[in-house]
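Good morning, and thank you for coming. I would like to take you through one structure, beginning with a single residue and then widening the view.

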Amino acid sequence: MHLRDFEGGRALVVRAPGEVVLEQRDAPVPGPGEVLVHPDTVGLCGTDLDIVAGRVDPAYTRYPLVLGHEWSGTLNGTRVVAEGIVPCGQCARCREGQTNLCATYDELGFTRDGAAQSQLAVAGSLVHTIAPGVGAEDAALVEPASVVYRALAGSAVAPGCRALVVGDGTVALLAVRLLGLWSPGEVVMLGRREGQAVLAGAAGAARFETSPAAAGGDYDLVVEAAGTTGAVLTALGAARRGGSVLLLGLPPHGETAAVPVDDLVNNDLIVRGSFGYTSSAWRDVVALLNAGRLELAFLVTHRFPLADWAQALEALRGPDSPRGKVLLTMGS
């Protein structure tokens, strides 16, 4: 990786897999219906590492690309967030409200430049105002929270249910926190890093385990949020007969798992994948934040100025724990 740093408007660009630069860019010119937002808080996640490494399905990313699909910023002095998925609004899926399945996939930080830059032009229709009492870090987590919320809202989660979350990263921790909105009977997290136990407890997990045997089975709902094929098999084995398995993790493109299909049938399992978020889910998460019913900033454990982007990526790759969300602060 090479670093080129300039004064003025800066952007963190992946020019090609393995080539990341911090470069000077002119301010974007808003198109019809667009507004110019000033991002100031940008989250990094495992998917960003996959983009940097070139491991994302080519159908879902384009280079060169400015990183930043999790973020918040200001518009005329007001804290805002903006939906990253840019729906056409005209296709059959969009008309049904399934904007995550728009016939033309287009998303900030994937197929168009993201928010790790001084200014960002975005459609005004996608911008949502954040209440004054909500912090920048809470707001920056609206994107991953919307992914999790949309998945849970369409699953078998119900008051009193027993749920297992497989994984111990940001998406898994968000799943634990958001499951609490449905008043489950018990939420257990099955992770790999002992040091994540403190974050699991803060998220609301009743137990944190690193052994599948200790986590047990017979769960009404199992949420796979680790993004590995092994975790998928673990999740399938932990659900009760007649239970549900929700797949939120995203293994590298092309990886496969040897699924025991007869067990899926014999155990009458419901297995559901979930991609992205809808505009409706995004609005719901913003409403929960603005009403004070959802707090997300507890997840932030690492903060880096934009100039230290390389250290931020290394922190995301590294084994250190506890590690929740890694943030870049754009003004420094």
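In which strand is Glu70 found? Glu70 belongs to strand S5, which covers residues 70-75. Helices (H or I, at least four residues) and strands (E, at least two) are DSSP runs, numbered from the N terminus.

Before going further, a word on the source. This is a predicted model, in which local features need pLDDT of at least 70 and side-chain atom pairs count only at pLDDT 80 or more, while totals for chains, interfaces and linings use all residues. Residues are numbered from 1 along each chain as its sequence is written, and side-chain values use heavy atoms, with hydrogens and water left out.

Let us return to Glu70. Is Glu70 buried or exposed? Glu70 counts as buried because its relative accessibility is 3%; buried means under 20% relative accessible area, exposed over 50%, and partly exposed in between, with a 1.4 Å probe and protein chains only. The side chain of Glu70 is joined to that of Lys325 by a polar contact of 2.7 Å. By polar contact I mean a pair of N or O atoms within 3.5 Å; within protein, one must be able to donate a hydrogen and the other to accept it, and residues adjacent in sequence count only if both atoms are side-chain atoms. If neighbours within four places in sequence are set aside, Glu70 is in contact with Thr41, Val42, Gly43, Cys45, Ala140, Glu143, Pro144 and Lys325. Contact here means heavy atoms within 4.5 Å.

The second residue is Thr329, in strand S16, residues 325-329. Thr329 has a relative accessibility of 30% and therefore counts as partly exposed. Which residues does Thr329 touch, not counting those up to four places away in sequence? They are Asp40, Phe304, Pro305 and Leu306. For Leu306, the C-alpha to C-alpha distance from Thr329 is 5.8 Å, with the two positions 23 residues apart in sequence numbering.

The third residue is Ser279, found in helix H10, residues 279-290. Its relative accessible area is 13%, so Ser279 is buried. The side chains of Ser279 and Glu83 make a polar contact of 2.7 Å. Not counting residues up to four places away in sequence, Ser279 touches Glu83 and Thr99.

We turn next to a loop residue. Val29 lies between strand S2 (19-24) and strand S3 (34-44). At 71% relative accessibility, Val29 is classed as exposed. The C-alpha atoms of Val29 and Leu120 are 9.0 Å apart, although 91 residues separate them along the chain.

Now to the backbone. Which residues does a cis peptide bond with omega of about -5 degrees join? They are Tyr63 and Pro64, and Pro64 sits in the loop between helix H1 (46-53) and strand S4 (65-66). A cis peptide bond also joins Ser321 and Pro322, with omega of about 10 degrees. Pro322 is in the loop between helix H11 (309-317) and S16.

Positive phi values deserve a mention too. Asp218, which is not a glycine, has a positive phi of about 65 degrees. Asp218 is placed in the loop between helix H7 (212-215) and strand S12 (219-224), and at 52% relative accessibility it counts as exposed. For Asp268, phi is positive and near 55 degrees, again in a residue other than glycine. Asp268 lies in the loop between helix H9 (261-266) and strand S14 (270-273); its relative accessibility of 55% makes it exposed.

Finally, the protein as a whole. How many helices and strands are there in the protein? There are eleven helices and 16 strands. The radius of gyration is 19 Å, which agrees with the value near 20 Å for a compact globule of 332 residues; the radius is taken over C-alpha atoms, and the globule rule is 2.2 Å times the number of residues to the power 0.38. Along the principal axes, the C-alpha atoms fill a box of roughly 60 × 40 × 40 Å. Of the 332 residues, 50% are buried. Among contacts with a separation of 6 or more, 71% are between residues 24 or more positions apart.
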